[in-house]
Amino acid sequence: MPSDERAHLLEGHLVNDSKKVYIMMPNEEEVGNFVESARSTTNERTSLLATFADRVMANRDGLLAVEQVSDDEDDPQRPPTKRTLSNFNAFLNLVKGNLGTGIIGLPFAFKYSGVITGFLLMLFICVAALNCMHMLAEASHRLCKMHNLDKLSYGGVAQHTAKLLLSDEKQYRARWARFVVQTFLVVTQIGFCAVYFVFIPANLQQVLSACGWTVDLRLLIVVILPFLVVGVQIRDLNTMGLFSAIGNVLQTVSLVTMFIYLSMHIKTAGIRLFPAATLDVAMFFGMAMFSVEGIGVVLPLENRMLKPRSFFTVVNSGMGFVSVLYLVMGTLGYMTFGDLTKGSITLNLPEEALNENIPYILVKLFYSLAIMSSFLVQFYVVIDIMQVKLLHHYIPARRHTLFHLGFRTLIVVISASMAAAIPELGLFISLVGAVGSSALAMIFPSIIYLVVFWKEVGMLTVIKNIILANIGLLGMCFGTFVTLREMSRKL
């Protein structure tokens with residue numbers, strides 16, 4: 001049988017997902033030549049054949065039967081290195097990326113939405129965020145295959161997606177898509193850092209108050225500023241990993257203690273089931289989107305996983321676990337403190353009578369230290385995006401060390417200045433969530449997926465993605481408007 005007919009036969013069997021692929025091969029020499037060519041090609045189907053060749057089942061009269069290997073049977077691994085992650089470690093990183101100040105700010109969001117509305121909207125946002133993570137990863141897979149790339153960043157996915165919409169002579173304009181996404185990433189990460197600059201002093205203020213010292217919030221921002229300036233100078237990932245591990249332990253202990261306290265002090269009197277005003281939903285949306293802050297870690301995590309094909313299982317289990325924590329924390333927190341709920345639920349924990357409330361005072365301290373470790377990680381994302389372009393294009397090599405020192409210090413000072421200007425934790429969370437998280441976690445993935453898979457998606461998928469993108473856009477606009485209005489009233 002001619003080679004083109006054999007290739008056609010192979011193509012048909014693979015498309016139909018048969019358990020065995022039969023290929024007409026006249027002799028062993030041609031089998032060897034075919035396997036060598038399959039191993040050297042980047043084509044998906046012929047590359048798959050190279051794995052089949054090791055599992056030859058029979059060779060009768062020139063008819064070669066090869067068993068097709070399913071994804072579950074053979075999950076190819078990346079070469080293990082210090083940077084690759086097992087499935088369990090990837091799960092922990094995903095959970096950590098979604099559990100910061102957002103989860104302990106959710107009771108404040110539920111105060112605006114009411115219990116029932118907040119629960120249903122939070123469930124919808126969690127499901128939508130998970131779906132958008134899937135779409136972003138699938139689009140990345142397709143673009144990598146189209147361009148023979150090993151991996152892509154979020155900005156890279158946006159750039160290659162934009163190229164699909166542009167003619168050959170206008171391909172250079174696609175870099176603006178990367179710029180837009182990276183700008184939102186940087187602005188959002190700096191917003192996270194500014195939120196941390198409000199959260200840490202607010203909790204430390206209560207710790208000091210329990211000890212009998214009254215300290216102004218803005219003064220505490222100035223006090224912790226030098227410590228974080230020194231901390232962000234750390235460029236060694238192993239050292240950062242040590243601080244992150246300590247932070248994880250402190251955060252876990254704090255969350256468990258808070259869940260125990262909340263479950264023992266639930267009340268129903270004065271609890272709203274629905275929002276008092278329609279625009280309160282917009283405030284809730286911003287805070288809820290802030291909590292779903294893990295979209296930026298999706299592609300970096302997959303790019304480092306030892307078993308990339310297990311990525312979607314890890315994302316589903318990780319986001320499922322996080323979603324349960326979100327719903328429980330938001331509901332219990334608001335039902336415990338009602339209209340007295342503050343921007344962080346830690347600020348509602350008892351602070352008087354130091355001897356009687358030591359566990360809750362320690363929660364404030366431990367969570368503050370955990371957030372300081374998160375600050376270093378979030379800050380690394382900002383620097384990783386911004387410094388590469390600046391170093392390679394504008395900064396002479398002899399001044400790189402000085403640039404690192406000055407640039408990192410400048411970003412920390414900017415974050416601290418933003419926090420000092422508006423030290424309202426709940427409102428700051430809502431603003432960052434409405435402006436940055438809405439675009440990154442909902443709008444961009446919906447658009448990217450439609451562009452990449454336009455010729456394959458059904459009408460229901462098109463409608464679903466258009467609805468998601470518009471919900472994200474409306475939430476961004478109204479959430480930003482309502483939050484800025486509330487901020488103006490506080491000034």
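What percentage of the 491 residues in the chain do buried residues make up? The share is 49%, and keep in mind as you look around that this is a predicted model.

**View 1. The whole chain, with its 17 helices and 3 strands.** Start here to get your bearings. Take the contacts in the chain with a separation of 6 or more: 79% of them are accounted for by residues 24 or more positions apart. As for the outside, the accessible surface comes to about 23,900 Å². Carbon and sulfur atoms own 64% of that surface.

**View 2. Y261 and Y360, an aromatic pair set edge-to-face.** Searching the whole structure turns up 13 aromatic pairs, and this is one of them. A ring pair is described by how far apart the centres are and by the angle of the planes. Here the centres sit 4.9 Å from each other, with 70 degrees between the planes. Y261 belongs to helix α10 (residues 237-264) and Y360 to helix α14 (residues 358-393), so the pair ties together parts that are 99 residues apart in sequence. Are these two buried or exposed? Y261 is buried, at 9% relative accessible area, and Y360 counts as buried too, at 19%, because the cut-off for buried is under 20%.

**View 3. F311 and F312, another edge-to-face aromatic pair.** This time the distance is 5.4 Å centre to centre, and the planes make an angle of 65 degrees. F311 is buried, with a relative accessible area of 2%, whereas F312 is partly exposed at 22%.

**View 4. A cluster of rings: Y196, F197 and F375.** Ring pairs are what link these three residues together.

**View 5. Helix α7 (residues 154-163), mostly covered.** How many of the 10 residues of α7 are buried? The count is 9. The buried residues are Y154, G155, G156, V157, A158, Q159, H160, T161 and A162. Look around them for the cover, which includes α6 (115-147), α8 (175-210), α12 (298-304) and α16.

**View 6. Helices α16 (residues 425-452) and α17 (residues 459-490), side by side.** Their axes come within 8 Å and cross at roughly 165 degrees. Angles over 145 degrees count as roughly antiparallel, and α16 and α17 are therefore roughly antiparallel to each other. The crossing of this pair is left-handed.

**View 7. A469, a residue of helix α17.** A469 is buried, at 14% relative accessible area. Leaving aside residues up to four places away in sequence, A469 touches I443 and S446. You can also find A441, which is 28 residues from A469 in sequence and 9.9 Å from it in space, C-alpha to C-alpha.

**View 8. Helix α11 (residues 280-291) packed against α16.** The two axes are 6 Å apart, and the packing angle is about 70 degrees. At what sort of angle does that leave the two helices: roughly parallel or roughly perpendicular? Angles of 65 to 115 degrees count as roughly perpendicular, so α11 and α16 are roughly perpendicular to each other. Their crossing is left-handed. On the α11 side, the contact is made by M283, F285, G286, M287, M289 and F290. On the α16 side, the residues making the contact include G426, L427, I429, S430 and V432, along with A441.

Notes: Residues are numbered from 1 along each chain as its sequence is written. This is a predicted model: local features need pLDDT of at least 70, side-chain atom pairs count only at pLDDT 80 or more; totals for chains, interfaces and linings use all residues. Side-chain values use heavy atoms; hydrogens and water are left out. Helices (H or I, at least four residues) and strands (E, at least two) are DSSP runs, numbered from the N terminus. Buried means under 20% relative accessible area, exposed over 50%, partly exposed in between (1.4 Å probe, protein chains only). Contact means heavy atoms within 4.5 Å. Accessible areas come from the Shrake-Rupley method with a 1.4 Å probe; for residues, only the protein chains shown count as cover. Rings of Phe, Tyr and Trp (its six-membered ring) pair if their centres lie within 6.5 Å; planes under 30 degrees apart count as stacked, over 60 as edge-to-face and the rest as tilted. Axes are lines fitted to C-alpha atoms, for helices over the stretch in contact, and angles run from 0 to 180 degrees between N-to-C directions. Angles under 35 degrees count as roughly parallel, over 145 as roughly antiparallel, 65 to 115 as roughly perpendicular and the rest as oblique. A crossing is left-handed if the near helix is turned anticlockwise from the far one by less than a right angle, and right-handed if clockwise.
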